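Colleague: I would like to go through a model and learn how to read its features one by one. Please take the general idea before the case each time.

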Amino acid sequence: MDIKESSFFQPKELRKKGNKEFRILWSDGHESLYTFRRLRQNCPCALCVEEITGRLILDPDSVPQNLEGLKVQAVGQYGLRFDFSDGHTTGIYTFKHLRKCCPCDQHPNQTLRT
Ligand SMILES: [Zn+2]
Ligand SMILES: [Zn+2]
């Protein structure tokens, strides 16, 4: 990750809203509002995504509708780790990945796993 890119993917404010939603305000002014369910569906860990091919192992529909986020922890300067109510905690979400997972419709060129 070069310096320019890392500043683009830098969060200004992180806020957990109850156990259902998570909000990131980015340093470029963009705002992302995630449900923990969506974050869980986009988990980047080796149990959910095949590392080499990027193929999705996790079936997004298998994630319960009522999935909650119990805890949010910072991972160094570059990402976050979530404790989900289904017991899954292995994914490290870089801010770059989180930005890609933004659920708004202002990012037509990115590929999303929905
Ligand atoms: Zn995972
Ligand atoms: Zn967005």
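Colleague: How many helices and strands are there in the protein chain?

Modeller: This is a predicted model, and its protein chain holds 3 helices and 6 strands. Along the sequence they follow the pattern α-β-β-β-α-β-β-β-α.

Colleague: Where is confidence lowest in the protein chain, and where is it highest?

Modeller: As a general point, where pLDDT is low, the predicted coordinates should not be read in detail. Here the lowest confidence is in helix 1 (residues 3–8), with a mean of 59. Strand 5 (residues 79–84) has the highest, at 98. The average pLDDT for the protein chain is 89, and 87% of the residues score at least 70.

Colleague: How should I read the sheets? In what order do strands 4, 5 and 6 stand?

Modeller: In general, strands of a sheet pair through backbone hydrogen bonds, and the pairing is either parallel or antiparallel. In this case 3 strands form an open sheet in the order 4-5-6, with antiparallel pairing. Strand 4 and strand 6 are at the edges; each has a single partner strand, so one side of each has no neighbour in the sheet. From one strand to the next, the twist averages 30 degrees.

Colleague: How many bridges join strand 4 to strand 5?

Modeller: These two antiparallel strands are joined by 6 bridges. For a point of reference, Ala74 stands opposite Leu80 in strand 5.

Colleague: What is the order of the strands in the sheet that holds strands 1, 2 and 3?

Modeller: That open sheet has 3 strands in the order 1-2-3, and its pairing is antiparallel. The edges are strand 1 (11–17) and strand 3 (31–35); each has a single partner strand, so one side of each is left without a neighbour in the sheet. The twist averages 15 degrees from one strand to the next. Strand 2 (residues 21–26) pairs with strand 3 over 5 bridges in the antiparallel sense. Leu25 has Glu31 in strand 3 as its bridge partner.

Colleague: Now single residues. Is Gln73 buried or exposed?

Modeller: The reading rests on a count of C-beta atoms within 10 Å, where 12 or fewer means exposed and 20 or more means buried. Gln73 is exposed, because 11 other C-beta atoms lie within 10 Å. The residue belongs to strand 4 (residues 69–75).

Colleague: Which residues is Gln73 in contact with, leaving aside neighbours within four places in sequence?

Modeller: Gln73 is in contact with Leu80 and Arg81, once those sequence neighbours are set aside. A C-alpha distance can be read alongside: Gln73 and Asp83 are 10 residues apart along the chain, and their C-alpha atoms are separated by 8.3 Å.

Colleague: Why does Thr94 count as partly exposed?

Modeller: Thr94 counts as partly exposed because it has 17 C-beta neighbours inside 10 Å, a count between the two cut-offs. Thr94 is placed in strand 6 (residues 92–94). Not counting residues up to four places away in sequence, Thr94 touches Tyr78 and Gly79. The C-alpha atoms of Thr94 and Gln77 are separated by 9.2 Å, with their positions 17 residues apart along the chain counted as the separation.

Colleague: What do burial and contacts give for the protein chain as a whole?

Modeller: Of the 114 residues in the protein chain, 19% are buried. Among contacts with a separation of 6 or more, 43% are between residues 24 or more positions apart.

Note on methods
Residues are numbered from 1 along each chain as its sequence is written. Chains are lettered from A and ligands numbered from 1 in the order in which they are written. This is a predicted model: local features need pLDDT of at least 70, side-chain atom pairs count only at pLDDT 80 or more; totals for chains, interfaces and linings use all residues. Helices (H or I, at least four residues) and strands (E, at least two) are DSSP runs, numbered from the N terminus. Two residues are in contact if their C-beta atoms, placed from the backbone, lie within 7 Å. pLDDT is the predictor's confidence in each residue, from 0 to 100. Two strands pair if DSSP finds at least two bridges between them. Axes are lines fitted to C-alpha atoms, for helices over the stretch in contact, and angles run from 0 to 180 degrees between N-to-C directions.
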